[in-house]
Amino acid sequence: MLRLPDSHRARVRLLWGSIGAAVLLTVVLAIVFVPNTGHSYYTPTNDKPAVVIREPKHVPATRAARRAAQATLSVFVRSAAIRRNLAESWPLATPHMKVGTSRSDWLAGDLPIVPYPAAAFRSFGATLEYSYKSVLGYDVLILPKATKAGNLAGQQVYSCELHELHGRWLVDFCYPRKTL
């Protein structure tokens, strides 16, 4: 038979010790038996063949295509990148570039091109980097004005891709790649 201590103080200590042991046992059982509801890092696998994306075949750009693309870039950079006369650049963007941007947003200066400070703009140059069928990729270098107090902005290289749609060269994307 279980015998309790004679002292009141010893019985109270035994009670509190029993309560602590029961709480500890409950926590241990919860940790062991309650399943983890966190995220798993398990990566599911399947038996489908891997999707291989190949680079398109390079096709040399014709002189006329390069000239037309350069003309588009000339207007687009001076309009969209510098945020001057934004209405000129709207028709020069592909539908892909306009996704999520309305014409009114574009004209308000909320367009998917990182701006270059208009006060610092001096000129730009474009170098053809790749040429696929109906796709031309350019690196566009924007040069700042030289000032005695220092440049307001540095040189900026944008990567721009133009697609030929319905006989016109339109800008599909243009993002800053490097600041010099």
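**Exercise 1. Find what share of the contacts between residues at least 6 apart in sequence join residues at least 24 apart.**

Solution. Take the contacts in the protein between residues at least 6 apart in sequence; of these, 50% join residues at least 24 apart. Keep in mind as you work that this is a predicted model.

**Exercise 2. Work out how the radius of gyration of the protein stands against that of a compact globule of 180 residues.**

Solution. Start with the globule: with 180 residues, its radius of gyration would be near 16 Å. Next, take the protein, which has 33 Å. Then look at the C-alpha trace, which spans about 105 × 55 × 35 Å along its principal axes. Finally, turn to burial: 28% of the 180 residues are buried.

**Exercise 3. List the order of the elements from the N terminus on, and say which of them give two or more residues to the largest nonpolar core.**

Solution. Begin by counting: there are four helices and four strands. Their order is α-α-α-α-β-β-β-β. Now go to the largest nonpolar core, which has 32 residues. Helix H2 (63-81) and strands S1 (121-132), S2 (135-144), S3 (156-165) and S4 (168-179) each give it two or more. H2 supplies the largest share, seven residues. Phe76 is among the residues with the most contacts inside this core; its partners beyond four places in sequence include Trp106, Ile113 and Cys174.

**Exercise 4. Locate the disulfide and explain which parts it ties together.**

Solution. First, find the pair: Cys160 and Cys174 are joined, with S to S at 2.1 Å. Both cysteines are buried. Then place them: Cys160 is in strand S3 and Cys174 in strand S4, so the bond ties together parts 14 residues apart in sequence.

Note on methods. Residues numbered from 1 in each chain as written. Predicted model: local features only at pLDDT ≥ 70, side-chain atom pairs only at ≥ 80, totals over all residues. Heavy atoms only, no water. Core = buried A, V, L, I, M, F, W, Y, C linked by side-chain atoms within 4.5 Å. Buried < 20%, exposed > 50% of the residue type's maximum accessible area, 1.4 Å probe, protein only. Contact = heavy atoms within 4.5 Å. Disulfide = S-S within 2.5 Å. Rg over C-alpha atoms; globule rule 2.2 N^0.38 Å.
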